[in-house]
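I wanted to go through this structure side chain by side chain and write down what I looked up. These are my notes, in the order in which I made them.

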Amino acid sequence: MIKLLLRKWLQGLMMILCVSVVTFALLGFAGGDALTRLRDNPQISEETIERLRRVYGLDQPLVIRYFRWLSGAVTGDLGESTYFRVPVSGLVWARSVSTFLLGTAAFAIALTLAVPLSLIGVRYKSKTIAAFIDLLILVTASTPRIVLALVALAISVRLASFTVDTSSLVLFWLAALALSAPLISAFLAQFHGELQRIMREDFIKLARAKGLNESAVILRHAVRPALNPVLTIAGLSLGGVLGGSVIVESVLGRQGLGTLMVSAVRARDLPLVMGIVLFTSTAIWLGNALGELLQVVNDKRLRDLGF
Amino acid sequence: MFAGFLAPYDYSAQSRSEPSAPATTIHFNSLTPIIHPRRVEDQLQRTYTEDTSVAFPVGFFVRGYSYKLLGIAETDVHLFGVRTTSGIAPKINLLGTDQLGRDRFSRLLYALRFSLVVTLIGVLFASLVGILIGGLSGYAGRFVDTFLMGATDAMLALPTLILILGVRAAFPLELPITRAALLLLLIFALTGWAEMARLTRGLVLSFRKREFVIAAVALGVSQTRVLFRHILPNILPSLRTRALLLLPTFLLAEVALSYLGVGLQEPEPSLGNMLTAASDLDQLRSQPFSVLSPALAVLFFTLGVRLIGRGERL
């Protein structure tokens, strides 16, 4: 158990390091920074720009800049955003709250839809329910988040008379719904498929032979083993949710991590871009680790395998 | 490919007198389709009325602005348009016009052309890289395998869109169309190979132990030849299905980038930057269908690809 945690921890650390190196190198090699724009301004002299470059440490070679950034990042200091003029870490923390809420709501919607529906589908083996689940999987899997977000915007514009109140609860849930569509299809496909497979296993036959009624067979014996793949998928889809939040947030005008990333890219605010990339990759690694941990808790056999 | 032929107007041609016009209604006068010219009723409210006293017939194969068919033959024949003798004709805007008075239908066609070409080539690139890495990983030794698959896992775990935006931040904001297309291709190849690599590796590993491969190795066939002549043809169908499912992913990435203003830029039309019109809430309220027509096109594309993918798997 501890060995597993330690290995996961090291793996995650390596991944985050790799990502930061690659992003930093790309940003560095492409050249151009927040000061490039100042250069076009005739009122600012060459000397001022040189001085600014020294202040921000931009005259140092790439490797030194990277290690300087890294040593700051370890202590939680991600530098100062060149566009917003505030420390990156504070900015990222503040904005991530709203994205976190949105993502949680999206996961909640997907789970409350997928789990009962799969259970009903397995309990009452009717063709209509199976066809409905199939259709729902197809539709939610192939409706892009951007389309859903735009439709949500159109609906809210129709409902409200003049302006769209971005803080309204209706809009929040619409945004969460748009974000959750691919999750619904992933959870539904995985959980329903797994349940169907498990219902044909021998231990289910045994449970039935004991005289348990069908609902008890499903709830007590089939759900638990079927839950593990869902946990894997949930952990893996975290990246998709964070990526999708960029679109959903900017379409619906929410202030979150996604919109922060967009403004950082547009302003070529390198410290901020680096900070967000670091933050999101850490969050994703944490999510994956959590998903795996829950799996081990759920399935004791994994512990014996030394996983 | 045939956008020039299908589109009645040039995608960048503006008619400033008719911004945000609604879609032209086509009337039928004893089987001949006709349209009426429209007048601006109110400049600020952007309302239009039809002038029913004059009528212009709509016809097929009408002459309009000139373009190059398939990039070679220069012609000015379009699939449909308004027939006129005097040279001045009202415009037929099937989906209305945008804020600058450009024909939305024509722009949509050109945008589709750009998006589809970039996505297709992007998928080809990414698949090639993915198959190479996956094949190598599945066939070469343990050390290479561990390293490559570690990289693949890291790649898969990352939020693709944020990664794409990160790569995008490294390049100047405003780019001409060809450079933007090249950049998109580069981004797709950089971020899209991981899934392909994972699948290829799994398939190669399973095929390595099959009798005919072992037979080939026993006959002294070289490693590269085994990989490319014996294994690759067998796993190609599965890879093709997977590549097909990559299409919507890339199309959506293009749409997202352009929507956020960091992909293809005005005046070139793309599905994404056409959708930014939705931020004009007044227009979104009055003509939701026209404004969201690019979104509808995207939806049809993703749904279609998924249905084809389903059919292939069966």
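I began with accessibility, where I call a residue buried under 20% relative accessible area, exposed over 50% and partly exposed in between. B:Leu124 has 57% relative accessibility, so I entered it as exposed. I am working from a predicted model, and I keep that in mind for each entry below.

**Surface of chain B.** I placed B:Leu124 in helix α2 of chain B, which covers residues 104-139. I then asked which residues make a nonpolar surface patch with B:Leu124. I found B:Val117, B:Leu120, B:Ile121 and B:Phe125 beside B:Leu124 in a patch of about 440 Å².

**Aromatic pairs.** My search of the whole structure gave four aromatic pairs over all chains. Among them I noted A:Trp93 and A:Phe279, whose ring centres are 5.7 Å apart and whose planes stand at 75 degrees, so I recorded the pair as edge-to-face. This pair links distant parts of the chain, since A:Trp93 belongs to helix α5 (residues 88-123) and A:Phe279 to helix α13 (residues 270-298) of chain A, 186 residues apart. I listed A:Trp93 as exposed at 58% relative accessibility, and A:Phe279 as partly exposed at 24%. I also noted A:Phe172 and A:Trp173, an edge-to-face pair with 5.5 Å from centre to centre and 80 degrees between the planes. Here A:Phe172 is buried at 13% relative accessibility, whereas A:Trp173 is partly exposed at 42%.

**A charge over a ring.** I found A:Arg123 lying over the face of A:Tyr124, at 5.1 Å from the ring centre.

**Salt bridges.** How many salt bridges are there over all chains? I counted four. A:Glu201 pairs with A:Arg197, with the closest N and O atoms 3.1 Å apart, and I found both partners partly exposed, A:Glu201 at 29% and A:Arg197 at 39%. A:Glu194 joins A:Arg197 and A:Glu201 in a network of salt bridges. For A:Asp202 and A:Lys205 I read 3.8 Å between the closest N and O atoms; both lie in helix α9 (residues 202-209) of chain A, three residues apart, about one turn of the helix. I entered A:Asp202 as exposed, at 57% relative accessibility. A:Arg208 and A:Glu214 meet in a salt bridge at 3.0 Å, N to O, and here I noted A:Arg208 as partly exposed with a relative accessible area of 32%, but A:Glu214 as buried with 16%.

How values were computed:
Residues numbered from 1 in each chain as written. Chains lettered and ligands numbered in written order. Predicted model: local features only at pLDDT ≥ 70, side-chain atom pairs only at ≥ 80, totals over all residues. Heavy atoms only, no water. Phe/Tyr/Trp six-rings, centres within 6.5 Å; stacked < 30°, edge-to-face > 60°. Helix = DSSP H or I, 4+ residues; strand = E, 2+ residues; numbered from the N terminus. Buried < 20%, exposed > 50% of the residue type's maximum accessible area, 1.4 Å probe, protein only. Lys NZ or Arg CZ within 6 Å of the ring centre and 35° of its normal. Patch = residues over 30% accessible without salt bridge, like charges linked within 9 Å, V, L, I, M, F, W, Y side chains within 5 Å. Areas by Shrake-Rupley, 256 points an atom, 1.4 Å probe, with all protein chains shown as cover. Salt bridge = Lys/Arg side-chain N within 4 Å of Asp/Glu carboxyl O.
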